[in-house]
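These exercises practise reading a protein model step by step. Try each task before reading its solution.

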Number of protein chains: 2
Amino acid sequence: MMMKRIFEVDPWKVTTHEFSKEDKRLQESITAIGNDYMGMRGNFEEGYSGDTLQGTYLAGVWFPDKTVVGWWKNGYPKYFGKTPNAPSFIGIGITVNGEKLDLAKVKFSDFELSLDMHQGLLSRSFIYEGKDVKVKFEFERFLHIIQKEAALIKVKATVLEGHAKIDFDSTLDGTVVNEDSNYDERFWIPLGEDKDRRTIQVKTKPNPYEVPQFTVLLKQALRHNGKALQGEVTTDEAKLSEKLSVELDQGQSYELEKDVIVVTSRDIEEKDQADVAEDFMKKLQTKSFEENLAEHTATWKKRWETSDVEIDGDAAAQQGIRFNILQLFMTYYGEDERLNVGPKGFTGEKYGGATYWDTEAFIVPMYLAITKPSVTKALLQYRHNQLPGAYHNAKEQGLPGALFPMVTFNGIECHNEWEITFEEIHRNADIPHAIAMYTEYTGDDSYVKNEGMDVLVGTARFWAARVHWSKWRNKYVMHGVTGPNEYENNVNNNWFTSTMARWLLKYTLERLPLATKEAQERVHVTEEEKEKWQDIVDKIYLPEDKDLGIFLQQDDFLDKEIRPVSEIEDQRPINQHWSWDKILRSPFIKQADVLQGIYFFPENYTKEQKEKNFDFYEPLTVHESSLSPSIHSVLAAELGKKDKAVELYERTARLDLDNYNNDTVDGLHITSMSGSWLAIVQGFAGMRYDHDQLKFKLFIPDNWNHYSFKINYRGRLIEVYVDHQETKISLLKGEDLEILVNDQKVMLKEGETECLKA
Amino acid sequence: MMMKRIFEVDPWKVTTHEFSKEDKRLQESITAIGNDYMGMRGNFEEGYSGDTLQGTYLAGVWFPDKTVVGWWKNGYPKYFGKTPNAPSFIGIGITVNGEKLDLAKVKFSDFELSLDMHQGLLSRSFIYEGKDVKVKFEFERFLHIIQKEAALIKVKATVLEGHAKIDFDSTLDGTVVNEDSNYDERFWIPLGEDKDRRTIQVKTKPNPYEVPQFTVLLKQALRHNGKALQGEVTTDEAKLSEKLSVELDQGQSYELEKDVIVVTSRDIEEKDQADVAEDFMKKLQTKSFEENLAEHTATWKKRWETSDVEIDGDAAAQQGIRFNILQLFMTYYGEDERLNVGPKGFTGEKYGGATYWDTEAFIVPMYLAITKPSVTKALLQYRHNQLPGAYHNAKEQGLPGALFPMVTFNGIECHNEWEITFEEIHRNADIPHAIAMYTEYTGDDSYVKNEGMDVLVGTARFWAARVHWSKWRNKYVMHGVTGPNEYENNVNNNWFTSTMARWLLKYTLERLPLATKEAQERVHVTEEEKEKWQDIVDKIYLPEDKDLGIFLQQDDFLDKEIRPVSEIEDQRPINQHWSWDKILRSPFIKQADVLQGIYFFPENYTKEQKEKNFDFYEPLTVHESSLSPSIHSVLAAELGKKDKAVELYERTARLDLDNYNNDTVDGLHITSMSGSWLAIVQGFAGMRYDHDQLKFKLFIPDNWNHYSFKINYRGRLIEVYVDHQETKISLLKGEDLEILVNDQKVMLKEGETECLKA
């Protein structure tokens with residue numbers, strides 16, 4: 001297995017002192033920043049003429065791009081939604097004595113690039129070595145976590161040798177393109193520029209799909225030592241440039257601050273954008289760069305207070321989990337219920353910034369524990385709002401009920417591979433499963449009784465029609481599906497999918513009588529339907545091999561040439577080495593599939609069942625989906641396979657920092673980042689919750705000194721601390737609670753700490 | 001099942017007296033003409049502003065278009081080859097007293113459109129009814145069957161009422177586009193126009209795939225009553241227009257003849273094209289339109305003499321088979337070994353004019369019997385020439401040996417659906433199977449001993465690596481394939497594919513010792529390889545259900561919800577009504593799959609096996625591939641299911657004339673057209689040949705009076721005549737031959753006819 005580590009190990013920082021052109025994109029991905037409202041890759045302010053992926057993204061601003069396929073198949077969606085690369089506001093072009101500053105070309109030394117995870121601040125510095133001149137440049141950049149529309153950039157130039165005439169050119173650029181577009185189309189049309197107000201305004205192209213167009217306005221203003229500055233402004237179509245020059249002698253320095261406001265028609269109507277942006281800018285500029293940064297940092301500090309996971313004794317592990325938490329929170333903190341979590345967040349173009357089932361399966365369990373319940377509820381509500389789209393999707397397949405999409409912005413499916421779009425339908429139970437997680441964790445059953453019931457019944461109706469009765473087997477079967485392991489396509493009776501469908505029907509039947517009268521009337525489930533659903537629950541075929549004691553990923557799995565991943569180490573990742581058909585025929589598993597089902601329902605399987613399945617499937621799993629290792633880690637921990645659990649933790653925690661899957665150049669694996677938290681909290685600390693009972697079963701990796709984390713649980717804040725001698729559990733806030741720790745009952749009281757010997 | 005018949009039934013003509021705008025495209029497909037060198041849809045000379053598919057195609061002139069897919073998969077080909085819509089030479093714009101003649105807009109009567117199948121001539125007439133004027137227009141058009149580069153068009157205008165000033169505008173147009181292109185690209189770049197020589201020259205766009213660019217030159221000349229005419233010539237980029245006017249009083253008429261020469265860089269270098277076209281034009285114009293037509297007709301007559309199938313008593317059946325033979329011969333007559341048979345011939349854009357396995361499976365058995373052996377040998381040689389491409393394709397999949405492509409112009413795969421490109425690999429035995437057919441039918445084993453052995457061993461090596469040993473089954477299995485029934489994808493152990501692979505290995509092992517010494521040295525098969533191949537032949541898993549007595553299309557077929565096609569009549573064709581996943585889960589079969597295997601190897605199965613399989617699969621088959629009904633018809637005939645055989649014959653014979661699959665608008669199903677011949681000769685007449693023995697087992701459909709056909713067989717010309725009283729078999733030419741007729745030995749002698757009572 002490959003790995004590539006280009007940043008130094010440090011508990012709170014992601015720093016490098018090296019600049020390698022070959023790794024520029026990787027570096028950009030890892031130094032991406034965001035504030036849940038917008039985000040940007042770690043591009044350079046002064047521009048860069050070498051290989052780079054320029055990327056700025058605005059949450060919830062998207063474009064429906066015409067579906068392009070090799071051969072059209074009935075049912076394909078009309079468009080693929082993608083977050084277009086947004087107008088760029090990063091630009092501060094710089095020339096020194098006439099030479100353009102471009103790290104692909106000029107001579108420089110003392111390079112440093114550093115993401116301060118505690119502050120959410122990106123900084124960079126280097127010494128430019130020109131002819132008879134040396135200038136140190138220092139950049140700082142952050143996206144304001146309170147005033148979300150604001151981006152702040154500061155550049156400081158200090159002349160170390162010689163005399164420098166420095167020209168700055170601060171730009172706004174709406175002529176950006178997507179790298180992954182077909183035929184280099186532009187997604188933005190210019191609406192106008194305003195030299196005086198220093199704004200540009202652009203709008204997404206019209207589309208024939210009744211998807212609203214988005215208008216975006218960008219405004220910039222410059223300051224020097226906190227005081228407003230006016231450069232020479234020129235505009236071109238969808239572009240604005242503001243130039244100013246300074247002359248500095250040796251020892252002198254100059255600081256330029258660029259303040260940017262970005263407003264979108266998601267919040268502000270097109271016609272009001274210029275005025276509102278002006279108000280925002282005024283407000284922003286009532287504080288200096290430093291004051292704004294202090295405010296920003298204080299908010300990050302508060303976030304960290306309830307969410308930090310501390311690991312003592314393993315700096316790489318420590319850095320990994322903090323990086324993940326930071327990036328997740330920079331992507332989504334539940335403050336806007338129209339949004340969701342794109343697999344690459346604001347760090348790349350791939351997956352188009354859309355919503356996947358990742359959110360419910362991997363994000364929800366973590367966010368439940370470290371943010372307010374309202375955050376998860378917003379995620380549930382997001383899907384409820386999109387139910388009309390889900391009904392549309394099912395209808396496209398000729399089936400009743402609701403089918404949540406694989407990829408979407410508005411509920412309507414927009415992915416266009418038949419084996420995924422039409423077949424990777426396990427999502428249609430994974431997504432509703434978050435309702436059960438929410439209800440069980442928070443104890444709040446108001447959602448499942450009301451809106452949740454719309455979701456459960458809609459999806460139940462889909463599932464009941466998607467199975468068919470096999471006379472040959474005397475069972476209900478489910479043909480033509482793709483499980484979470486996308487390295488098998490169009491298989492029959494994928495154990496995970498059928499297990500999830502069965503769960504959905506069972507849970508719906510159990511919860512239906514408890515729903516509100518209004519909800520019951522709304523969904524109107526007939527007796528006949530209930531009988532059918534119960535019959536499917538009782539008679540659905542779930543393939544297993546009794547001799548091996550395992551569930552079968554699908555009917556023909558054992559007919560494959562079964563051999564461990566260890567035999568093909570030199571050919572990994574297989575998705576970059578093998579043709580697709582070879583991957584499909586192989587026994588190698590992209591991501592947890594049977595084990596994902598066991599993970600979802602730990603109480604349903606015996607330890608022996610878990611062990612046999614783990615021992616069978618883990619050696620076959622290549623974990624080429626970033627969503628995979630964490631699930632295996634949690635199971636390994638439960639089964640006492642500590643070394644395996646730790647190995648898989650490391651892989652998930654440092655997936656991007658160490659570029660394990662050799663694809664971090666495309667962006668970070670945002671939705672997988674919760675995996676490291678799950679591996680520690682559900683894995684090492686063994687947190688479970690069912691039937692209103694919170695439980696832990698803890699261990700600590702051998703090479704760690706201690707670890708600790710906090711969770712909120714039903715209005716309480718609980719801290720868990722584990723070292724090799726003892727486990728300490730403190731109820732920092734909230735009512736008394738009896739929990740189970742290593743199968744022992746422990747009563748937690750506010751302000752007290754319970755100590756248990758290891 | 002739908003059908004739509006817009007042409008009248010007639011034994012030698014395809015005529016309509018109606019013009020319906022809704023059916024314009026269908027009409028154009030059915031009135032397409034070709035001469036193996038070029039072809040064109042039945043567009044109107046004067047232009048048509050309504051819905052139409054303008055189409056002119058030049059054999060072997062193609063363009064590699066960048067692969068466009070929704071989601072890239074390893075191994076996808078870089079380009080999709082397609083025959084671009086060629087520069088159009090049909091145009092003769094006409095205005096009458098200033099009104100543009102456009103049947104979408106003007107008033108007209110007495111419309112007639114007729115394809116004379118015996119002559120290969122398309123004619124059309126109508127009376128234009130303008131203000132105070134009526135003019136009868138009569139068009140004739142043919143593509144010269146001897147001087148292939150020549151197209152001849154004649155239009156005659158006769159004023160029936162009033163006075164008419166008629167303006168003609170004869171055009172050459174290189175600005176054509178493909179309807180199926182991405183983003184309306186043009187595939188042609190203009191090289192220049194020449195007013196004096198009346199030429200335009202264009203070239204296919206450059207491409208990054210090392211595929212040669214093609215240059216095409218078109219030249220026109222006008223004549224009136226055989227005498228050269230010169231109009232006013234103007235040119236625009238890639239366009240030429242030649243205008244002239246006549247004034248006619250009531251009763252007067254005028255004939256304009258347009259002669260066109262089209263040369264391509266396949267035969268004539270770019271720089272020589274203008275001169276050569278001039279020579280060709282001179283040669284063409286040494287004869288009048290009528291003399292050229294007579295020459296053309298004489299050649300068609302000769303073709304018909306040895307290939308016509310006469311059916312007495314069923315004009316629709318008669319018309320169907322003649323239409324099919326005509327269209328096949330207009331597409332390919334084996335006179336250029338660089339060419340092959342595209343599924344739509346020269347009649348539409350779909351399938352891009354490329355070569356599919358259709359040629360070997362459906363065209364070869366017919367062409368063997370009605371053309372010279374050299375025609376089939378040219379088709380075999382075509383694949384041998386493309387072996388380097390086949391090795392390339394296998395390598396792309398990480399496998400040894402040769403894999404013939406699903407779709408190609410040059411041997412390199414260019415299709416881009418993974419379930420087809422990577423998985424519909426049965427082609428890799430179907431294509432070599434033509435070697436066996438050729439050898440067995442002609443008795444000429446020189447090919448299989450030499451070049452054929454390269455093909456056999458190359459493909460054998462692929463197959464030997466494509467199977468794997470299943471410990472679980474204790475058999476060789478073949479996973480992840482798509483059979484001829486493309487309504488199942490990525491299945492395991494498709495009986496047909498495994499049967500074909502087994503045959504290929506077995507046949508190669510049998511033939512290898514008989515190969516020339518040079519061939520043996522070239523292919524260099526080791527003992528170890530032979531042992532492995534034999535082991536696979538002995539132990540490959542071929543799924544069957546012993547209780548039902550059937551072979552299983554694939555492992556899980558019986559797990560489906562089996563129900564007959566008759567239950568879903570209202571939802572056909574399912575490929576236009578159902579989403580893809582629903583089709584895949586269904587038991588409905590697009591085209592013969594298990595039955596295709598039984599058809600290929602009739603001697604390998606008992607009558608009971610054939611019967612059980614036919615009775616099981618036929619009711620499940622929707623025949624939504626045009627390649628399907630003929631195979632079922634042949635088997636039905638063999639099994640004595642006369643009504644079924646006739647029903648399926650009618651479907652195959654009149655597939656396009658009656659638009660059974662509701663897709664003839666896209667073009668004709670050229671490669672399926674041999675099916676009607678196969679249904680009669682192999683089906684009704686039961687022709688078989690194995691072990692140097694020619695056999696017949698004949699019957700005649702109840703409503704036919706008689707049918708007859710001729711075949712060539714090992715240097716002999718044999719005529720078969722069947723009516724309800726007797727069967728007459730005549731050896732028209734060649735050495736004595738003993739054949740089996742209805743299991744009786746019959747000795748044929750030259751010039752004699754053997755009569756057998758029915």
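**Exercise 1.** Decide where Asn490(A) stands on the scale from buried to exposed, then describe its backbone.

*Solution.* Asn490(A) has a relative accessible area of 11%, so it is buried (under 20% is buried, over 50% exposed, and partly exposed in between, with a 1.4 Å probe and protein chains only). Next, place the residue: Asn490(A) sits in the loop between strand E23 (475-477) and helix H12 (495-511) of chain A. Helices (H or I, at least four residues) and strands (E, at least two) are DSSP runs, numbered from the N terminus. Finally, the phi of Asn490(A) is near 55°, which is positive although the residue is not glycine. Most residues other than glycine have a negative phi, and most peptide bonds are trans.

Before going on, note how the values arise. This is a predicted model, in which local features need pLDDT of at least 70 and side-chain atom pairs count only at pLDDT 80 or more, while totals for chains, interfaces and linings use all residues; side-chain values use heavy atoms, without hydrogens and water. Residues are numbered from 1 along each chain as its sequence is written, and chains are lettered from A and ligands numbered from 1 in the order in which they are written.

**Exercise 2.** Is Asn662(A) buried or partly exposed?

*Solution.* Start with phi: for Asn662(A) the angle is near 55°, a positive value in a residue other than glycine. Then find the loop, which runs between helix H20 (642-653) and helix H21 (674-684) of chain A. With a relative accessible area of 29%, Asn662(A) is partly exposed.

**Exercise 3.** Describe the peptide bond before Pro573 in each chain.

*Solution.* In chain A, the bond from Arg572(A) to Pro573(A) is cis, with omega near -5°. In chain B, the bond from Arg572(B) to Pro573(B) is cis, with omega near -10°. Pro573(A) lies in the loop between strand E25 (550-551) and helix H15 (574-577) of chain A.

**Exercise 4.** What does Asp102(A) touch, leaving out residues up to four places away in sequence?

*Solution.* First locate Asp102(A), in the loop between strand E8 (99-100) and strand E9 (108-116) of chain A. Its relative accessible area is 6%, so Asp102(A) is buried. Contact means heavy atoms within 4.5 Å; by that rule Asp102(A) touches Gly47(A), Tyr48(A) and Ser49(A).

**Exercise 5.** Why is helix H19 of chain B described as largely enclosed?

*Solution.* Count the buried residues: they are 9 of the 10 in helix H19 (residues 629-638), so the rest of the structure largely encloses it. Among them are Ile631(B), Val634(B) and Leu635(B). The buried residues of H19(B) pack against several elements of chain B, including helix H5 (358-370) and strand E26 (688-690). After the helix comes Gly640(B), with a positive phi near 75°.

**Exercise 6.** Which rotation superposes chain A on chain B?

*Solution.* Two copies of a chain are related by a rotation about an axis and a shift along it. Here the rotation is 180° and the shift 0.0 Å, with an RMSD of 0.0 Å (least squares on the C-alpha atoms of residues with pLDDT of at least 70 in both copies). The two copies are therefore related as by a two-fold rotation axis. In chain A, the C-alpha nearest the axis belongs to Val69(A), at 2.2 Å.
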